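User: I am new to this structure and would like a close look at one part of it. Please take the salt bridges and describe how they are placed.

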Amino acid sequence: MQFLTPLFFLGALAVAGPILLHLVRRDQRNRLLFPSLMFLRRVPIQEYRRRKLHHLLLLFLRCLGLLLLVAAFASPVTHLAWFGAVSGQVSRSLVVLLDNSMSMARPGVWDRALEKARARIRSMQGTDQACLILFAAKPAVLSAWESRSARLLQILESRAEPSFESTSYLEGLRAAAQQFDEEVPGRREIYLITDLQQTAMPRDVQWSLDGGVHLEVENVGEPSTNVFVQEADLQRLVYSEEYPQPVRVQLRSAPPGPVRGELQLYVEGRMLDRQSFEMNQEGSAPVTLRPFELKEGIFRGRLVLAVEDALEADNVFHFVVERATPGRIRVLSDRGAGSVYLRNALGAGRNLPFAAEFPDPRDTGEMDPQQVPLVILDDLRTPPRTDRLSRYLEAGGGLIVAPGKRVDGRAYNRSEFFPARLAEPRFVRGRGRSFTSITQVDWSHPAFAIFQDLQRTALASVRFYGHWRLEPRADSRVLGRFDEGDPALVEGQAGAGRVLVLAYPLDRVWSDFPLRPAFLPFWQSLVHHMGGVRQQEAALRVDQSLALQEEPAEAGSGARWNVLDPRGRRVVDLDQPAPAAIDLQLPGHYEIRKNKKTDWVAVNPDPSESDIQPLPVAMLLDRFQSATLAAGEGVSDNASEADAREPLWWLFLLAAVVVLAAESVVAGRTRPR
């Protein structure tokens, strides 16, 4: 028990009043009439009187009544859980919400969190009930409503452990609030145990607890500094004998501070480079590591931070690098060497997943989608043999048709797998206009995904002086139209492959597109899409899902998926079919075995979880509580005590009234007659 206004105890000095009154003795004597004393001699007599208290019960009641009044004005409160049951108030329905994100694994933090949870569970008495919820990026309800504290303590000890997920206060509090959807008796409370990470606060979502739910926050964190990899410029697929560029890594410390350390690069356990770093005043440090040689195959890599900080779980950044063979793009054209602009666009850049070849159009060679994933017909008069082209598309190959003035439209229209018919060429000149533009674009298509905001304007500014009028088939998809409505790009499916027909060739006569800056990114994005280039990241994050793509098993092998997590435990049992996706919960390298092939997937914690800068508890309460708290009252970095206190002033005032009433009765009986 404590008193909110202890200065009122100065009023206890009023107890001296009754004591002084009882010390003063008042004797009532009868008067005796006597004649004049003038003839009597005055003799001085020394009298000794002994002062003592009388009517001790009455004095005790008066002093006790005054003390109880003073205590009532001092605003007493209590935190004892049994008081609600003794005083006749309603019981509690308590949700113990425990943060088990990666930042809680710091030394001492998790132990303090468990101790706070145990203490709150042990405080349950009477008709109180509670449930236990763990939360990080996703909540996990560990128990239903339970009135037995021993059962809750058993669940806490057996199932509560820190994870590698990031923190989301919104998801945790939503899960806690859902426990009150059913009818629960008594006072509804949420006891949040966390280290108050600033990055865990939601930004755009507006949601708060109901007014009848009391939120109490227990801060178990402590000031500390953590260093982590904020960003690493790494590519998984490499198409050359050496990594195509230096490895650029951005390090960060939270909170900012002068931290020194070393960053080490490992591939398959062998250190390839090491660089020292020192954080600047903003808490960041760029580090550049040298390129390294690669052999054929898939390799596991690590970026290791050699530094003393608060959180060791994020001092290793895992990645995967794979040496792959670039696919061949076959360009067939009647231009001889083909379009010089297309040749330059397909050969620009480093680490390209394809290599363009320009053979004689009459000698198409063997077209295998595994070796030649894409064929481009650049103003080719007639297409290749229909049977060979059909088998190529059925097997999953890609085909792009760019017709020009040399094209025989009737030869192309005989093929049923083309998504549009070539009707006739049209030229804009002579119709009152000098050019047309592509103004209607399906920006959701992968070929246009590279164009964002202002870059879309650059694509719309391309001038087309002529184009073929296309007549799309019913099952095709129009990706863009000219401003007068004619289709500019039409895509269709042919077996397992794709066919894309452009309404214009790749030269400067029909348009100025080859001279525009958008030509290069457009064609490289288009080739990636039509050639089926795999888009794989060097590293994924915890909380993400990994899709398991089904591959045809070898004849008679009967092989199944075998997925091992970084600790060597099976994620998918051997006797079970592979799920569509698996949740990545641990940092490290996941091993995936299928059809006698082994693949690796690297997983790392979310960098936002490594930022351990604290959040003021008042900001968290104001964000999620609907009721407005008085500024500075009941809010601390350890708890919201205003919601947990039980006022006792009314109990002291009632006791004072009873005592003073008893004093009146006793005073009436002791009054002299």
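**Salt bridges, buried and partly exposed**

Analyst: Glutamate 322 is buried, with 10% relative accessible area. The model is a predicted one. The side chain of glutamate 322 meets that of arginine 236 in a salt bridge, with 3.4 Å from N to O. This pair links distant parts of the chain, as its two residues are 86 apart. Glutamate 322 belongs to strand E15 (residues 316-323), while arginine 236 sits in the loop between strand E8 (226-233) and strand E9 (237-238). Arginine 236 is also buried, at 4% relative accessibility. Both values count as buried because the cut-off is under 20% relative accessible area.

The structure holds 34 salt bridges. Side chains of opposite charge can pair when their charged atoms come close.

Another of these pairs is formed by arginine 469 and glutamate 424, whose side chains meet at 3.5 Å, N to O. Here too distant parts of the chain are linked: arginine 469 lies in strand E22 (residues 466-472) and glutamate 424 in strand E20 (residues 420-427), 45 residues apart. Arginine 469 has a relative accessibility of 22% and counts as partly exposed. Glutamate 424 is partly exposed as well, with a relative accessible area of 35%. Neither residue counts as buried, because partly exposed covers the range between under 20% and over 50%.

A further salt bridge joins aspartate 565 to arginine 569, and the closest N and O atoms of this pair are 3.2 Å apart. Its aspartate 565 is buried, at 9% relative accessible area, whereas arginine 569 is partly exposed, at 45%. Some salt bridges share partners, and in this way Arg421, Glu424, Arg426, Arg469, Glu471 and Asp486 are joined into one network. The pair of arginine 469 and glutamate 424 described above belongs to that network.

Disulfides are a separate matter. A disulfide is a covalent bond between the sulfur atoms of two cysteines. The structure holds zero disulfides. Two of its cysteines can still be placed: cysteine 63 is buried, at 12% relative accessibility, and cysteine 131 is buried, at 1%.

In short, the pair of glutamate 322 and arginine 236 has a buried glutamate and a buried arginine. In the pair of arginine 469 and glutamate 424, the arginine is partly exposed and so is the glutamate. In the pair of aspartate 565 and arginine 569, the aspartate is buried and the arginine partly exposed.

Note on methods. Residues numbered from 1 in each chain as written. Predicted model: local features only at pLDDT ≥ 70, side-chain atom pairs only at ≥ 80, totals over all residues. Heavy atoms only, no water. Disulfide = S-S within 2.5 Å. Buried < 20%, exposed > 50% of the residue type's maximum accessible area, 1.4 Å probe, protein only. Salt bridge = Lys/Arg side-chain N within 4 Å of Asp/Glu carboxyl O. Helix = DSSP H or I, 4+ residues; strand = E, 2+ residues; numbered from the N terminus.
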